[in-house]
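Please look over the sequence and the structure below before reading on. The paragraphs that follow take up side-chain exposure, charge pairing, the interior and the contact between chains, in that order.

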Amino acid sequence: MVKKIMAKTFLGVVLAAMYLPILWLIVFSFTDTTSVSAWRGFSVNAYIELFTGSNSDDIFKAIINTLIIAVCASAISTILGTLAAIGINSVRSKKIKFAYKQANQIPMVNSEIVTAVSLMLLFGMLRSFIVLEGEVQLINVILAHTTFCTPYVLLNVLPRLQQSDNKIYEAAMDLGCTPTQALWKVVIPDIMPGIIMGFIMSVTLSIDDFVITQFTLDGGIYTLSTLIYSKASGKKPLPIEMRALSAIIFIIIAALLLYVNTKSSSDQKKKITNTGAKKSPKRSKR
Amino acid sequence: MKKQTSKFAGFTRKYAAIPYGVFMAVFVIFPLIVLLLYSFCEKSVDGSLSFKFTFDNFKSVFSEDNFSMLINSLLVGLYTTGICLLIGYPIAYLLANKNYNRSAVLVMLFMLPMWVNFLLRTLATKAMLEFFGITMGMGTVIFGMVYNFLPFMIMPIYTTIQKIDYSLIEGAADLGASARVTFWKVTVPLSLPGVLSGITMVFTPTITTFAISKMLSNSKISLIGDYIEQQVKILNYNVASAISFVIILIVGISMIVLNKYDKDNANQGGGLW
């Protein structure tokens with residue numbers, strides 16, 4: 001019993017320490033001191049400043065850029081990754097599978113900054129052929145994000161394909177489907193959960209990315225994370241509206257994640273009670 | 001007849017992987033080749049590839065000017081990894097142990113900070129440290145790194161401990177081992193793969209991430225990541241490439257070591273492909 005209490009206290013203390021700074025920032029978004037070292041009464045000035053202040057245009061442009069990049073990169077990654085998974089699953093040659101496996105690992109294993117530098121060099125070389133100015137530069141960032149998102153799509157879709165029975169596809173063809181029809185009506189619906197999971201992971205990875213975006217985007221165009229960095233790395237204290245922005249982002253992410261996770265864990269419980277103990281526990285790992 | 005259709009089907013589906021293959025060749029393999037070329041070439045005025053072979057980039061990476069940067073990186077990396085392991089292992093153990101925790105939400109609460117942008121987390125840490133009047137320096141950098149990377153240590157250890165067959169632990173108890181002996185002789189050795197992957201997931205990002213050290217030391221302490229950023233800013237792509245190449249080597253070696261220990265995982269991966 002004593003052990004249990006000690007364990008719970010330990011977990012609680014670490015958890016509290018992990019969340020303290022975040023709570024701190026949220027609390028201090030409701031006061032208008034320029035530095036967060038003193039409380040000067042309740043105020044929503046930071047939020048007013050965020051929506052109407054001089055920086056609000058830049059902030060909303062950055063948010064739009066972030067979303068454009070996330071949606072485009074995730075869409076491309078999902079298509080590329082799903083196609084690749086279908087292809088790899090039907091290729092018999094072990095050598096080709098091995099080559100894809102190794103190459104797919106590279107962006108996941110490599111240090112972010114290495115990927116960032118290498119892509120920056122590539123885009124630098126391409127610049128002597130095509131010069132991308134202004135918002136068009138986002139294409140570079142979309143391509144860069146696609147490189148690190150696609151591996152995760154592939155790894156989400158491939159297990160689904162391997163679980164599904166190839167005979168169903170063949171049966172569809174025997175019953176008169178063309179390969180394209182069989183793909184759309186049989187294969188894709190079967191692996192849909194993996195595709196959706198891959199897409200969601202890509203969106204979160206893309207929105208969260210800072211290092212690679214910082215290296216592949218310049219010239220006064222910002223995403224949310226590079227904007228935060230540009231405001232935070234200077235000698236001046238952080239503008240108060242950024243505090244409000246951070247607080248809002250924290251709350252949105254926390255709410256979303258809690259919702260998704262509690263939902264998926266209750267779904268899993270339902271599944272387990274429905275199917276009983278037939279399935280091996282290994283499969284319900286994720 | 002049936003054989004023919006399936007052969008035809010395999011034929012078309014096989015081509016589905018080609019776009020991604022081409023994409024990887026252009027955006028993954030080729031950039032790394034360019035990086036390698038840059039690291040062995042002389043610097044040119046406008047930052048383009050000069051094709052003049054030299055070792056100077058590596059020499060300047062390991063020159064005396066960078067001595068404190070390299071030592072700082074190593075120290076911050078080692079301290080952060082060590083502290084993360086000391087705090088993270090007990091947490092992972094408790095979370096995976098059914099006697100102490102049965103809730104998935106609690107596990108999630110420990111992983112949740114991972115999904116919040118690290119710049120925001122670092123900003124929050126900085127704000128709090130400033131409130132308490134703590135001077136920015138090595139200590140605060142290590143604190144911020146631990147704060148940022150702790151979930152990356154907890155996660156792999158938690159998954160390996162969870163996978164341990166509980167009957168092994170019961171067996172050890174049945175055969176007369178005390179709880180402590182069971183822990184050190186059964187749980188710890190079986191969780192080593194998780195520990196190793198936790199160490200790599202903390203150590204390399206710690207020394208290569210830029211921004212955190214800068215923000216939490218008021219630009220006093222710069223690590224490898226900050227150095228790369230600084231070199232890129234002054235268009236010295238060659239030195240930036242050289243040090244990136246060194247990072248690739250470090251990561252590669254640790255991956256090889258990890259794969260040797262983590263046979264279980266390797267088998268799983270083999271099954272997937």
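A residue counts as exposed when its relative accessible area is over 50%, as buried when that area is under 20%, and as partly exposed in between. The model to which this scale is applied here is predicted. Lys59(B), with a relative accessibility of 59%, is therefore classed as exposed, whereas Asp56(B), at 46%, falls into the partly exposed class. The side chains of these two residues meet in a salt bridge, with a distance of 3.9 Å from N to O. Both belong to helix 3 of chain B, which spans residues 56–61, and they are three residues apart, about one turn of the helix.

How many salt bridges does the structure hold over all chains? The total is three, and the two that remain to be described share the residue Glu229(B). In one of them Glu229(B) pairs with Lys214(B), the closest N and O atoms being 3.5 Å apart. This pair links distant parts of the chain, since Glu229(B) lies in helix 11 (residues 224–233) of chain B and Lys214(B) in helix 10 (residues 212–216) of chain B, 15 residues apart. In the other, Glu229(B) pairs with Lys233(B), and here the closest N and O atoms are 3.8 Å apart. Glu229(B) and Lys233(B) are separated by about one helical turn because they stand four residues apart in helix 11 of chain B. Lys214(B), Glu229(B) and Lys233(B) are thus linked in a network of salt bridges. The members of this network differ in exposure: Glu229(B) is buried at 7% relative accessibility, Lys214(B) is partly exposed at 21%, and Lys233(B) is exposed, with a relative accessible area of 60%. As general background, side chains of opposite charge can pair when their charged atoms come close.

The chain that carries these pairs can now be considered as a whole. The secondary structure of chain B consists of 13 helices and zero strands. Of its 273 residues, 51% count as buried. Among the contacts in chain B with a separation of 6 or more, 68% are accounted for by residues 24 or more positions apart.

The next topic is the nonpolar interior. In soluble globular proteins, nonpolar side chains tend to be buried together. The largest nonpolar core of this model has 143 residues, and the members that touch the most others are Phe215(A), Leu95(B), Phe110(B) and Ile228(B). Helix 7 of chain B (residues 138–163) supplies the largest share of this core, namely twelve residues. If neighbours within four places in sequence are left aside, Ile228(B) is in contact with Ile113(A), Val117(A) and Phe215(A) from chain A, and with Ala240(B), Ile243(B), Ser244(B) and Ile247(B) from chain B. There is also a second, separate core of seven residues, including Ala73(A), Leu138(A), Val141(A) and Ile221(A).

Two further residues lead from the interior to the contact between the chains. Ile22(A) is found in helix 1 of chain A and is buried, with a relative accessible area of 7%. Apart from its neighbours within four places in sequence, Ile22(A) is in contact with Phe250(A), Ala124(B) and Tyr147(B). The C-alpha atoms of Ile22(A) and Phe250(A) are 7.7 Å apart in space, although 228 residues separate the two in sequence. Leu120(B), in helix 6 (residues 118–131) of chain B, is likewise buried, its relative accessible area being 1%. With neighbours within four places in sequence again set aside, Leu120(B) is in contact with Ile228(A), Ser246(A), Ile249(A) and Phe250(A).

What area do chain A and chain B bury between them? The value is about 8000 Å², with 79% of it on carbon and sulfur atoms, and the contact takes 87 residues from chain A and 84 residues from chain B. In chain A, the residues that lose the most area to chain B are Leu11(A), Met18(A) and Leu121(A), which together make up 8% of what that side buries. Helix 1 of chain A (residues 2–28) contributes the largest share of the side of chain A that touches chain B, with 17 residues. By class, that side of chain A has 59 nonpolar, 18 polar and ten charged residues. Across the interface of chain A and chain B the rule finds zero salt bridges, while seven residue pairs, both residues at pLDDT 80 or more, are in polar contact between the two chains.

Notes. Residues numbered from 1 in each chain as written. Chains lettered and ligands numbered in written order. Predicted model: local features only at pLDDT ≥ 70, side-chain atom pairs only at ≥ 80, totals over all residues. Heavy atoms only, no water. Contact = heavy atoms within 4.5 Å. Buried area = accessible area lost by both parts, 1.4 Å probe. Salt bridge = Lys/Arg side-chain N within 4 Å of Asp/Glu carboxyl O. Polar contact = N/O pair within 3.5 Å; in protein donor to acceptor, adjacent residues only side chain to side chain. Helix = DSSP H or I, 4+ residues; strand = E, 2+ residues; numbered from the N terminus. Nonpolar A, V, L, I, M, F, W, Y, C, P; charged D, E, K, R; others polar. Core = buried A, V, L, I, M, F, W, Y, C linked by side-chain atoms within 4.5 Å. Buried < 20%, exposed > 50% of the residue type's maximum accessible area, 1.4 Å probe, protein only.
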